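Here's a model to pick through together. Let's ask what stands behind each label it gets.

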Amino acid sequence: MSPVIQSQEVLPDTEAATNLSPVIQSQEVLPVTEAATNVTCHPVTLIFLHGLGDTGHGWAQGFGQLNLSHVKCVCPTSQTRKVTLNGGMPMPSWFDIFGLDPKARQDEEGIRKASQELKDLIKEEAKYISTEKIFIGGFSQGGAVALYTALTSDSQLAGLIGLSTWLPLHDKFISNDIGKSKHLKDLNMFQGHGKADPMVPYTWGEMTSKILKANVKSVTFKSYDDMGHSSCAQEMADVREFLNSIVPSD
């Protein structure tokens, strides 16, 4: 499955990252970090990747509003890349996109490189806490990178969060052409998707959930009737509940 891009106006890949900053970042951008406020106890890190054309700023602010005192949220911004589907226009993007059709060519090299960037961030956090206390996730294109990473990682992770997203290179997972993580049977996932999503169709979310349920320990799939390609307060509350269900604040 390939992602569906916005209109030719090339809007950011989210309508709901709170207080979204539209600034295009430079080629070397440090992650935006929302530190855990409980400084005596920082048992959990969430690394969350934004969608196409977005930055990490809005998501860092959004997670900060969830009052997750025991969670450090790391929200990196991707490099600015030319996106083929959008006429080569440069924008923050984790990998290139060639077409809208589910059978369109996928940027396998770019997906693998983006996944390695995420794995490097996991490795950096693992200097301070166990990988079993590290969640990864993302919205739309960022979620695709997170899903690919979780399914191929050598590290045992705390959990996976995918919002309005899809599993890239899904055919290779189904045919076992990609080496899968040995930790999948211990992996819990939260997946949220709007039924009114015009960009990454809800059916793609359902298909992704079906593949994941056959591979990981558990998948919590939540749908939101009137939500488009965005997030909403209820979805963010569900994300908070998911995080706390695995690693409680006390």
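Q: What makes strand 8 and strand 9 a pair?
A: Two strands pair if there are at least two bridges between them. In this predicted model, strand 8 and strand 9 (residues 218-224) have 7 bridges in the parallel sense, so by the two-bridge cut-off they pair. One of those links puts histidine 193 opposite its bridge partner in strand 9, serine 223.

Q: Which helix goes with strand 8 and strand 9 in a β-α-β unit, and what is the hand of that unit?
A: Helix 5 (residues 202-213) does, and the unit is right-handed. That label applies because, with the strands pointing away from you, the path from the first strand over the helix to the second runs clockwise.

Q: Why is glycine 192 called buried?
A: Buried means under 20% relative accessible area. Glycine 192 comes in at 0%, so buried is the word for it. You'll find this glycine in strand 8 (residues 188-194).

Q: How do you know that glycine 192 and lysine 222 come together in space?
A: They sit 30 residues apart in sequence, yet their C-alpha atoms are 4.8 Å apart. Lys222 is also on the contact list of glycine 192, along with Gly162, Leu163, Ser164, Tyr224 and Glu235, once neighbours within four places in sequence are left aside. Contact here takes heavy atoms within 4.5 Å.

Q: What makes the phi of serine 164 worth a look?
A: Its phi is positive, about 50°, although serine 164 is not a glycine. Serine 164 is found in the loop between strand 7 (159-163) and helix 4 (170-174).

Q: Is serine 164 buried or exposed, and why?
A: Buried: its relative accessible area is 0%, so it falls under the 20% cut-off.

Q: Where is asparagine 67, and what is its phi?
A: Asparagine 67 is in the loop between helix 1 (57-64) and strand 3 (71-75). Its phi is near 55°, a positive value in a residue other than glycine.

Q: Why does asparagine 67 count as exposed?
A: Exposed takes over 50%. Asparagine 67 has 60% relative accessibility, so it makes the grade.

Q: Why is strand 3 described as largely enclosed by the rest of the structure?
A: Because 4 of the 5 residues of strand 3 are buried.

Q: How do you know that strand 2 pairs with strand 3?
A: Strand 2 (residues 44-49) shares 4 bridges with strand 3, in the parallel sense, and the cut-off for a pair is at least two, so they qualify. Threonine 45 stands opposite lysine 72 in strand 3. Between these two strands the chain crosses through helix 1, giving a right-handed β-α-β crossover.

Q: Why is histidine 50 called buried?
A: Its relative accessible area is 1%, which means it lands under the 20% limit. Histidine 50 lies in the loop between strand 2 and helix 1. Beyond residues up to four places away in sequence, it touches a list of residues including Thr55, Trp59, Pro92, Trp94 and Phe139.

Q: What makes the link from histidine 50 to serine 78 a polar contact?
A: The cut-off for a pair of N or O atoms is within 3.5 Å. The side chain of histidine 50 reaches the backbone nitrogen of serine 78 at 3.0 Å, so the distance fits.

Q: What about threonine 55: buried or exposed, and why?
A: Buried, because its relative accessibility is 1%. Threonine 55 is in the loop between strand 2 and helix 1. A polar contact of 3.2 Å joins its side chain to that of histidine 57.

Q: Why does proline 90 count as partly exposed?
A: Partly exposed is the range between the 20% and 50% limits, and proline 90 has 47% relative accessibility, so it falls in that range. Proline 90 lies in strand 5 (residues 89-92). Apart from neighbours within four places in sequence, it is in contact with Thr80, Arg81 and Lys82.

Q: How many cavities of 30 Å³ or more does the structure hold?
A: There are 2. The second largest has about 40 Å³ of space, and its lining includes Ala150, Gln156, His183 and Leu187.

How values were computed: Residues are numbered from 1 along each chain as its sequence is written. This is a predicted model: local features need pLDDT of at least 70, side-chain atom pairs count only at pLDDT 80 or more; totals for chains, interfaces and linings use all residues. Side-chain values use heavy atoms; hydrogens and water are left out. Buried means under 20% relative accessible area, exposed over 50%, partly exposed in between (1.4 Å probe, protein chains only). A polar contact is a pair of N or O atoms within 3.5 Å; within protein, one must be able to donate a hydrogen and the other to accept it, and residues adjacent in sequence count only if both atoms are side-chain atoms. On a 1 Å grid over the protein atoms alone, a cavity is a set of points where a 1.4 Å probe fits but cannot get out, and a pocket is an open set with protein on both sides within 12 Å along at least five of seven lines; lining residues have an atom within 4 Å of a point. Grid points are joined across faces, edges and corners, and a volume is the space filled by probe spheres set on the points.
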